[in-house]
Amino acid sequence: MSSPRTSEQVGPPRALRSEPGPDEDVAWAPAAVADGAARVVAAVEQVLMGKGEVVRTAVMTLLAGGHLLVEDVPGVGKTVLAKALARAVDCSVSRVQFTPDLLPSDVTGVTVYDRRTAEFDFRPGPVFANMVVADEINRASPKTQSALLECMEEHQVTVDATTYPLAEPFMVLATQNPVEMEGTYPLPEAQRDRFTTRISLGYPHQDAELAMIEGHAGSDPVDRIRPVCTAADVRSMIAGARAVHVAPELRRYVVELVSATRSSPLVRLGASPRATLHLVRAARARAAMAGRDHVLPDDVHAVAVPVLAHRLLLTGEARAARREAGQVVHQLLDQLVVPRGSRSEPSARHGQR
């Protein structure tokens, strides 16, 4: 487990924060959250060129207090995104290369007997870090994958009947290759549901790929990233995002959207109540990144596919028709009516109540 790094830049100016106590994390105002998030995004974009929306979604997931699943073909920068985001925050980082022979104790830690003291000592695994990069997570067996279930949901680890809390913030950044299926194990639905968002990078634009050649000529550009905020800053930004107001009409709108996934004839397994919570947290984080103290329907629309699509299991008929989960979510958004008076920008696709 790597130790925390130091940084000269430790967050927005004091004037943007509330007066904190000696060891107290306070919620930042939306303007401060937006400033801190913008600096993290700028740091990550130094190495992931032309993927601004993907980077903002990753930072939004961090501010939502969630976990990120990066799913795409090999070589497009999945691990680079995870490592760059981890380096942009001055906190403890660990990386686990998931392989078929990886054991649960290799992730969570193990209790060993010390002959000198005649006592059992717990040796923590790589999961005891603020950010855990789980590379190629679907190459480990389901038994090992399940070792992450408790820590992702409850931010704690239980080993030999003893529970150990994890440090905050805590985020799992996992990557997987959806194309190469030989020697891999699909993620169980229970674990996919614990990831707040799933994103895909896609191939870069030619101009970005040309710039990439020059950027990688000397050394790994990830090594040049310097932290732009501390773990305490991230905790304060998360608290600030959770304080963003969600109107009652928007809360009902979110519930209607999630409920629609369960009744759609194209979906065999809809989104869970956990997805409802994650959708609201992600919308709050996006609003805070925009410097707003309230959520708009546009925030819900923007995060709906990253939050919901990977949780849906489509029917055989939908798969035969080559429908994708993201298309189903867009279709449900088209069918629902946006609440009146929610201060959303007019949209040709969505009606108003």
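Axes here are lines fitted to C-alpha atoms, for helices over the stretch in contact, and angles run from 0 to 180 degrees between N-to-C directions. With that in hand, the helix pair α1 and α2 can be described; the model is a predicted one. Helix α1 covers residues 30-45 and helix α2 covers residues 52-63; the two pack at an angle of about 130 degrees, and their axes are 10 Å apart. That angle makes α1 oblique to α2, and the crossing of the two is right-handed. On the α1 side, the contact is made by Val33, Ala37, Val40, Val41, Val44 and Glu45, and on the α2 side by Gly52, Val55, Arg56, Val59 and Leu63. Sorted by kind, the residues of this α1–α2 contact come out as 8 nonpolar, 1 polar and 2 charged.

Next comes the sheet. It is open, has 5 strands in the order β3-β6-β9-β1-β10, and its pairing is parallel. The edges are taken by β3 (93-97) and β10 (197-199), each of which has a single partner strand, so one side of each is left without a neighbour in the sheet. On average, and with direction ignored, neighbouring strands of this sheet are turned by 15 degrees against each other. At the β3 edge, β3 pairs with strand β6 (residues 131-135) in the parallel sense, over 5 bridges. Within that pairing, Val93 has Met131 of β6 as its bridge partner. Helix α2 turns up again here: α2 packs on the sheet and touches β1 (68-71), β6, β9 (171-176) and β10. The direction of α2 makes about 160 degrees with that of β10.

As for charged pairs, a search of the whole structure turns up 12 salt bridges. One of them brings together the side chains of Arg274 and Glu153, at 3.0 Å from N to O. Arg274 sits in helix α11 (residues 273-289) and Glu153 in helix α6 (residues 149-154), so this pair ties together parts that are 121 residues apart in sequence.

Two spots in the backbone also deserve a look. The peptide bond that joins Glu168 and Pro169 is cis, with omega at about 0 degrees. Pro169 is found in the loop between β8 (162-165) and β9, and β9 is one of the strands that α2 touches. The other spot is Glu136, which has a positive phi of about 50 degrees although it is not a glycine. Glu136 belongs to the loop between β6 and α5 (142-145), and β6 is the strand that pairs with β3 over 5 bridges.

Notes. Residues are numbered from 1 along each chain as its sequence is written. This is a predicted model: local features need pLDDT of at least 70, side-chain atom pairs count only at pLDDT 80 or more; totals for chains, interfaces and linings use all residues. Side-chain values use heavy atoms; hydrogens and water are left out. Helices (H or I, at least four residues) and strands (E, at least two) are DSSP runs, numbered from the N terminus. Angles under 35 degrees count as roughly parallel, over 145 as roughly antiparallel, 65 to 115 as roughly perpendicular and the rest as oblique. A crossing is left-handed if the near helix is turned anticlockwise from the far one by less than a right angle, and right-handed if clockwise. Contact means heavy atoms within 4.5 Å. Ala, Val, Leu, Ile, Met, Phe, Trp, Tyr, Cys and Pro count as nonpolar, Asp, Glu, Lys and Arg as charged, and the others, Gly among them, as polar. Two strands pair if DSSP finds at least two bridges between them. A salt bridge is a side-chain nitrogen of Lys or Arg within 4 Å of a carboxyl oxygen of Asp or Glu.
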